[in-house]
Structures are given as structure tokens and as C-alpha cells.
Amino acid sequence: LGLSIALIFPQKPALAWTLVFISVVSMAFSNYRYFTDESYRTKEDHRSSAQYVATNERVGDAIILDAPENITAFTHYYRGDLPVIPMPRLALTPTFDREQLAEEIASVVAKYDRVWLVHCRTLHSDPDDLVTKWLDDHALLLGRLIFPSYGSYPTVSAYLPRDPIRKE
């Protein structure tokens, strides 16, 4: 486009300036639509999941963020007071130790009265959803909410680490 305008400019400068103007206006409109039109919304809805946790949190709670690569996006929107703990902390490799991850989750969960799990786009860090499966098997699920978006759907789950009836 630039080369065409440069070739036209010596013979027809008015046409070249018109093409430059149309190009700039088109690019500006395209950028505007990209950042404002819902159909271009390709990221996860971390804003809604962070606001949901912040609205419902209590003292003694903690947030486990499954997929540590989401920590920057989630904490950008999260305005609460709870600690945000990324899990798994270990890089998943072919020799990944599942028992070590389970011990790590157990030690983190034992410190808190209630745990929020924010699960989103775990394809690289937790492809088998080990964190979610461990919490589903070892803690009491209070509720799970899915936030639709055009990328991966963020899921927020609340757990009680201990049985509320039996004192352990």
C-alpha cells in the first residue's frame, strides 16, 4: 500500500493524500473495533473471576491459581486481601512427581479455613487438572462457577479443606 502511494504521489498527489487519509482512518477504526467490539474479545474473563472472589472472600481464605502463567492477569484485576498461590509450583515434565504435588497442595490447604481455586487455561502447566482433582477428592466442594469468555473459561471453585462437622 505504501509503495503504491509512493508511486502515485508524483503524478497525482491529491489521490495519494486521499489514499493516505483513507488508510489512516481505516487503521484507526480497525484498532477501535479490536479493543471495543465483543466479537474480538479473545482473552479469559479474569476480571469477573477476580471480582467474584473478592466479593465473597473471608478472613482465613486463600486463592490457589491453577496455571501459574495466569498470575499476572488474575492479580491485575484482583483487589482483595487474600494470598494468591500459583499451583503447580513445579514445572510439569515427563518425570513430574504427582505425589510431591499432592503433598504441596495438602500443606498449602491445611493452613486455611476455605480455599478458592481459580482454574483457567492449564494446558501447559497442569494438563491433567491434578490440582482440581486433588481438591475434589480431598476437600468439600462448596460451589463452582464458570465465567464464559472467548478464550478458556475461567472456573472459580470454593472448598472447605476440613469437614465442618467433624473436628479434626
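This passage describes the sheet of the structure and the nonpolar cores beside it. The model is predicted, so local features need pLDDT of at least 70 and side-chain atom pairs count only at pLDDT 80 or more, whereas totals for chains, interfaces and linings use all residues. Residues are numbered from 1 along each chain as its sequence is written, and side-chain values use heavy atoms, with hydrogens and water left out.

An open sheet of 5 strands has the order S2-S1-S3-S5-S4, with mixed pairing; strands (E, at least two residues) and helices (H or I, at least four) are DSSP runs numbered from the N terminus, and two strands pair if DSSP finds at least two bridges between them. Because S2 and S4 stand at the edges with a single partner strand each, one side of each has no neighbour in the sheet. S1 and S3 run parallel and are joined by 6 bridges; Leu65 has Val118 of S3 as its bridge partner.

The largest nonpolar core (buried Ala, Val, Leu, Ile, Met, Phe, Trp, Tyr and Cys residues joined through side-chain atoms within 4.5 Å) has 17 residues, and those with the most contacts inside it include Ile64, Met87 and Leu135. Elements giving two or more residues to this core are S1 (61-66), S2 (84-87), H5 (98-109), S3 (114-119) and H6 (130-138). A second, separate core of 12 residues includes Phe74 and Phe147.

In H6, Leu130, Val131, Thr132, Trp134 and Leu135 are buried, that is, under 20% relative accessible area (1.4 Å probe, protein chains only). Leu135 touches (heavy atoms within 4.5 Å) Ile105, Val109, Leu117 and Tyr159, not counting residues up to four places away in sequence.

Terms used:
Buried means under 20% relative accessible area, exposed over 50%, partly exposed in between (1.4 Å probe, protein chains only).
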